[in-house]
Amino acid sequence: MTTIRTIIAVAVKKGWPMYQLDVNNAFLHGDLDEEVYMRIPQGLNVFAPNMVCKLNKSLYGLKQASRQWYSKLSDSLISKGHSVSKNDYYLFIKSIGSHITIVAVYVDDILLSGNDKEEMSSLKLFLDAHFKIKDLGHLYYFLDLEIISESGDCNAVASPLDVNLKLSIKDGEPLSDPLLYRNLIGKLNFLTNTRPDLAFSVQLLSQFMHVPISSHLSAAYHVLKYVKGTLGQGLFMSAASDFSLHAYYDSDWASCPSSRRSVSGYLVLLFGSLLTWKSKKQHTVSLSSVKAEYCSMHRVVAKLAWLTRLLHELSVTSIVPVPLHCDSQSAIYIVRNPVSMSVRNI
């Protein structure tokens, strides 16, 4: 989803049109590299009872169906001059001089953008001739993301969780139907693709999926009430021509009462356009707050390294160095002195 959000953010800033396409029966277009046989379908009369059907094309249900569809589509796009992104294999880019065409693929959904209108029109005709596509027009609903040109005002509401809330595994009886809680958290987790304000709450509630209790469900309902009052909120993609990246991060040291692991959080902005964010418990226990901060810094720097490469492929250059905002002087000292004893102990 970060790739899709990044493409949308760059397209909005550069004024590129965005289109969405849908491929009819995508998996049926794949060519098989090996011999595959299937039983005779019910209702088909054959001369001998032991006969089978040999498949000439891929079918839905084959384990190699998605791979063969991707191979067929990528070969077709490469033949049209597109190259596969080194940062996301489902992203194809054609760049000639100042003209660029971007194709992002998710199974049978295609996002098309760029500044070369003739190439995009030609590509639509090419894909329709080979795969029979539906041109759904300008991008408005892609992977359950609703894209609107203007957004209404949002009223201020309470936070997703009570600031004094303390959740534990032991404080209550397990729910009689844990599936209700798991389904609810799964839906909230998908909602975080456009609602960064829910990231920490969903991260916290996801820790109790295996044995949810009544207090966990009550907290999840509290998040739903917050969502109901903030239905107009989403991601704002700025049209400003500034392409500067800014990253922010922080950590909550030993915040988990059961494991004493810290929680890392970060976000990356493309001058007002929020590209990526994360709230996640760290894999190890940090013995000090500065080590928790340093581990959080490592996580966001790794994301920035990937993101700068992706933006470079999208014709956004001169974005390094990227300012990384940190509120820990000790963590900054460790970064400036990488041979210190503190680094060797992390």
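Start with the salt bridges: a search of this whole predicted model finds six of them. Let's visit three.

**Stop 1: lysine 57 and aspartate 31.** Select these two residues and show their side chains. They form a salt bridge, and the closest N and O atoms are 2.6 Å apart. This pair links distant parts of the chain, with the two positions 26 residues apart in numbering. Lysine 57 sits in the loop between β3 and α2 (65-79), while aspartate 31 sits in the loop between β1 (18-23) and β2. Are they buried or exposed? Lysine 57 has a relative accessibility of 37%, so it counts as partly exposed. Aspartate 31, at 32%, is partly exposed as well.

**Stop 2: glutamate 119 and lysine 94.** Now select glutamate 119, which forms a salt bridge with lysine 94; here the closest N and O atoms are 3.2 Å apart. Again distant parts of the chain are linked: glutamate 119 belongs to helix α3 (residues 117-131) and lysine 94 to strand β5 (residues 91-96), 25 residues apart. Both glutamate 119 and lysine 94 are buried.

**Stop 3: aspartate 197 and arginine 195.** Next, pick this pair, whose side chains meet in a salt bridge at 2.9 Å, N to O. Which partner is buried, and which is partly exposed? Arginine 195 has a relative accessible area of 4%, under the 20% cut-off, so it is buried. Aspartate 197 is at 26% relative accessibility and therefore counts as partly exposed. Before you leave the salt bridges, add Lys72 to your selection together with Asp31 and Lys57: salt bridges that share partners join these residues into one network.

**Stop 4: a nonpolar patch.** Switch to a surface view and select Leu44, Val46, Phe47 and Met51. Together they make a nonpolar surface patch of about 450 Å². Within it, leucine 44 lies in the loop between β2 (37-38) and β3 (53-54). With a relative accessible area of 46%, leucine 44 is partly exposed.

**Stop 5: leucine 191.** Go back to a cartoon view and find leucine 191 in helix α4 (residues 178-191). Leucine 191 is partly exposed, at 29% relative accessibility. Where is valine 202 relative to leucine 191? The two are eleven residues apart in sequence and 9.5 Å apart in space, C-alpha to C-alpha.

**Last stop: two crossing helices.** Finally, select helix α1 (residues 2-14) and helix α7 (residues 289-313). Their axes come within 11 Å and cross at roughly 50°, which means α1 is oblique to α7. The crossing of α1 past α7 is right-handed.

Methods:
Residues are numbered from 1 along each chain as its sequence is written. This is a predicted model: local features need pLDDT of at least 70, side-chain atom pairs count only at pLDDT 80 or more; totals for chains, interfaces and linings use all residues. Side-chain values use heavy atoms; hydrogens and water are left out. Patches are made of residues with over 30% relative accessible area and no salt bridge: like charges are joined within 9 Å, nonpolar side chains (Val, Leu, Ile, Met, Phe, Trp, Tyr) within 5 Å. Accessible areas come from the Shrake-Rupley method with a 1.4 Å probe; for residues, only the protein chains shown count as cover. A salt bridge is a side-chain nitrogen of Lys or Arg within 4 Å of a carboxyl oxygen of Asp or Glu. Helices (H or I, at least four residues) and strands (E, at least two) are DSSP runs, numbered from the N terminus. Buried means under 20% relative accessible area, exposed over 50%, partly exposed in between (1.4 Å probe, protein chains only). Axes are lines fitted to C-alpha atoms, for helices over the stretch in contact, and angles run from 0 to 180 degrees between N-to-C directions. Angles under 35 degrees count as roughly parallel, over 145 as roughly antiparallel, 65 to 115 as roughly perpendicular and the rest as oblique. A crossing is left-handed if the near helix is turned anticlockwise from the far one by less than a right angle, and right-handed if clockwise.
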